[in-house]
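Please look at the sequence and the model that follow. The paragraphs after them lead through the structure one part at a time.

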Amino acid sequence: AGLYRYLRDSCGCHLSWSGAQLRLPDPLPRLRAEIRVAAPGRYRYYQNVCAQSYSFVWWDWARWEREIDWMALSGINLAPAFAGQEAVWQRVYRNLGLNQSEIDKYFTGPAFLAWNRMGNLRRWAGPLPPAWHLKQQYLQYRIVERMRSLGMTTVLPAFAGHVPQGVLRVFPRVNATRLGGWSHFDCTYSCIYLLDPEDPMFQVIGTLFLKELIKEFGTDHIYSADTFNEMTPLSSDPAYLSRVSSAVFRSMTGADPEALWLMQGWLFQHQPDFWQPPQVRALLHGVPLGRMIVLDLFAESKPVYQWTESFYGQPFIWCMLHNFGGNHGLFGTVEAINHGPFAARRFPNSTMVGTGLVPEGIEQNDMVYELMNELGWRQEPLDLPSWVSRYAERRYGSPNAAAASAWRLLLRSVYNCTGVCVNHNRSPLVRRPSLHMDTELWYNASDVYEAWRLLLSAGTELGSSPTFRYDLVDVTRQAAQQLVSDYYLNIRRAFQSHALPELLTAGGV
């Protein structure tokens with residue numbers, strides 16, 4: 001993070017998913033005095049469990065290495081390392097007596113493993129070929145070595161209680177119950193078995209897996225498990241929920257007495273009718289205070305810490321989710337993220353221990369992530385218009401008044417969604433045809449058109465910059481997306497009015 005601060009602030013450079021601007025001054029500028037910066041929180045977290053499937057699934061080592069270097073330069077010091085776990089699970093299941101066909105019926109295909117790991121899906125697009133296991137193990141060796149060499153703490157997967165059906169054949173007296181279906185999948189591909197927390201096999205399987213995983217990849221003592229992600233528990237009895245979280249945690253400490261459980265807090269805001277305060281408290285207090293870290297996953301729009309009294313004493317990380325489903329489109333909640341983490345730290349008896357980036361899909365809206373990364377080191381909010389003007393200068397390699405003005409317009413409009421922001425990236429351009437599409441915007445469309453015009457006018461001066469060209473295409477796409485919405489409304493209005501001449505005109509005939 002210190003190196004990137006020097007490159008950014010002293011050398012005017014920029015690094016992002018979409019490209020880099022690394023025109024270094026010659027000679028390199030010397031610092032007049034030592035700069036010391038202390039982050040207000042212990043952790044700066046990165047990654048969403050879903051991003052493993054939406055964005056990372058087909059990466060080779062070269063792409064992983066670039067991402068890990070970006071993470072280090074961004075100051076990230078806590079992140080999952082989930083590759084290769086299915087190879088270990090396969091070994092564990094074989095040792096328990098399951099046959100290969102039973103294992104193959106459990107794992108999904110590579111692009112859906114995120115939801116297999118959280119107990120949502122099985123079989124879909126599977127099975128996993130043997131070559132997949134070998135490649136992922138090889139990647140994981142390099143991922144954990146690189147992350148640790150750069151001072152990051154790796155989060156390894158742990159056992160959440162879900163098991164293949166084959167476990168019931170091998171151990172016919174085991175106490176396991178099927179969860180309900182997930183999303184729009186029926187029980188052919190969903191309804192995974194969950195072990196009862198009191199069943200002895202819960203500890204046997206969980207500890208066996210984690211011991212094998214640690215033997216293979218080492219450990220930094222933080223483990224991830226999500227038992228009820230978008231799944232309704234079998235009972236709302238607080239005693240049952242407490243037994244489940246206690247069983248998950250004991251299966252971790254059975255292999256590593258120093259274990260810390262990192263859990264996504266998505267379930268609490270996704271099913272608020274079920275997760276009332278007694279249920280939330282019971283699940284969290286099944287683990288000793290301080291031995292669990294909760295990711296407040298959608299804190300920029302729907303923070304959970306506020307109505308759970310700071311997660312009833314368990315440490316939490318204030319996270320920006322921002323991107324659902326790997327969707328593209330200009331979007332941000334800059335005012336919310338500029339003030340949200342600081343309000344969370346001031347919250348009575350706050351147990352906040354850091355900030356996090358948890359997009360479901362990456363490689364979009366670089367500005368929002370650069371801003372959030374910087375906020376993880378700040379003691380107070382930024383002056384956003386001033387910050388974004390400097391951002392444009394660094395990103396393109398030279399000052400340009402038109403480009404700076406364009407970014408200030410984008411900042412106040414498309415990047416400043418307020419309230420609960422869930423209807424973004426849903427243009428008729430990328431949706432199935434329907435007469436019931438919602439085209440409402442959270443911003444003034446003319447601001448994007450004006451920003452587009454300003455960027456076009458800056459092309460003569462900045463056109464040689466790859467990052468400028470990327471942004472020009474991105475804003476052009478956003479402007480075209482808005483135009484499509486206008487055409488859609490005209491077509492729908494004419495169709496519903498049975499006005500054939502207007503319909504043909506609106507449709508371009």
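Twenty residues would be a long list to inspect one by one, so a short selection serves as an entry point to the largest cavity of this predicted model: among the 20 residues of its lining, Gln85, Trp89, Arg117, Met118 and Ala158 lie nearest the centre. Two elements, helix H4 (85-96) and helix H6 (113-117), each give two or more residues to that lining. The greatest contribution is that of H4, with four residues. In chemical class, the lining of the largest cavity comprises 12 nonpolar, five polar and three charged residues. The space in this cavity amounts to about 250 Å³.The largest cavity is one of seven of 30 Å³ or more that a search of the whole structure finds.

The second largest cavity holds about 150 Å³ of space. It has 17 lining residues, and those closest to its centre are Arg426, Ser427, Thr439, Leu441 and Gln481. Its lining is made up of five nonpolar, nine polar and three charged residues.

From the cavities the reader may turn to the pockets, and to the domains that frame one of them. The domain assignment of the protein chain gives domain 1 (78-288) and domain 2 (401-507). The C-alpha centres of domain 1 and domain 2 are 41 Å apart. Where does the largest pocket lie in relation to domain 1 and domain 2? Both domains give residues to the lining of this pocket, so it lies between them. The volume of the largest pocket is about 630 Å³. Its lining consists of 27 residues, and Glu230, Trp266, Phe324, Gly325 and Glu360 are those nearest the centre. Helix H11 (residues 266-270) supplies the largest share of this lining, three residues. By class, 14 residues of the lining of the largest pocket are nonpolar, nine are polar and four are charged.

The second largest pocket has a volume of about 390 Å³. Of its 23 lining residues, Ala1, Gly2, Tyr4, Arg5 and Arg8 are the closest to the centre. Four elements give two or more residues to this lining: helix H1 (2-10), strand S1 (14-16), helix H3 (61-73) and helix H15 (366-375). The greatest contribution to the lining of the second largest pocket is made by H1, with seven residues. This lining contains 11 nonpolar, six polar and six charged residues.

The packing of the interior comes next. In soluble globular proteins, nonpolar side chains tend to be buried together. In this model, the largest nonpolar core has 137 residues, and Met252, Phe268 and Trp318 are the ones with the most contacts inside it. Helix H9 (residues 200-217) gives the most to this core, with eight residues. Domain 1 (78-288) and domain 2 (401-507) each provide at least three residues of the core.

The strands offer a further view of the model. Strand S3 (residues 43-46) is covered on both faces: Tyr43 and Tyr45 on one side, and Arg44 and Tyr46 on the other, are all buried. S3 runs parallel to strand S13 (residues 352-357), and four bridges join the two. Within this pairing, Tyr46 stands opposite Leu357 in S13.

Another group of strands forms an open sheet of three, with the order S6-S8-S7 and antiparallel pairing. Its edge strands are strand S6 (162-163) and strand S7 (176-178), each of which pairs on one side only. S7 is joined to strand S8 (residues 193-195) by three bridges, and these two strands run antiparallel. Ala176 has Leu195 in S8 as its bridge partner.

One loop residue completes the tour. His436 is found in the loop between helix H17 (401-412) and helix H18 (445-457). Is His436 buried or exposed? The relative accessible area of His436 is 71%, and because the limit for an exposed residue is over 50%, His436 counts as exposed. Although His436 and Arg492 are 56 residues apart in sequence, the distance between them in space is 9.0 Å, C-alpha to C-alpha.

Note on methods. Residues numbered from 1 in each chain as written. Predicted model: local features only at pLDDT ≥ 70, side-chain atom pairs only at ≥ 80, totals over all residues. Heavy atoms only, no water. Buried < 20%, exposed > 50% of the residue type's maximum accessible area, 1.4 Å probe, protein only. Pairing = 2+ DSSP bridges. 1 Å grid on protein atoms, 1.4 Å probe; cavity = no way out; pocket = protein on both sides within 12 Å on 5 of 7 lines; lining within 4 Å. Points joined across faces, edges and corners; volume = space filled by probe spheres on them. Nonpolar A, V, L, I, M, F, W, Y, C, P; charged D, E, K, R; others polar. Core = buried A, V, L, I, M, F, W, Y, C linked by side-chain atoms within 4.5 Å. Domains from an automatic or database assignment.
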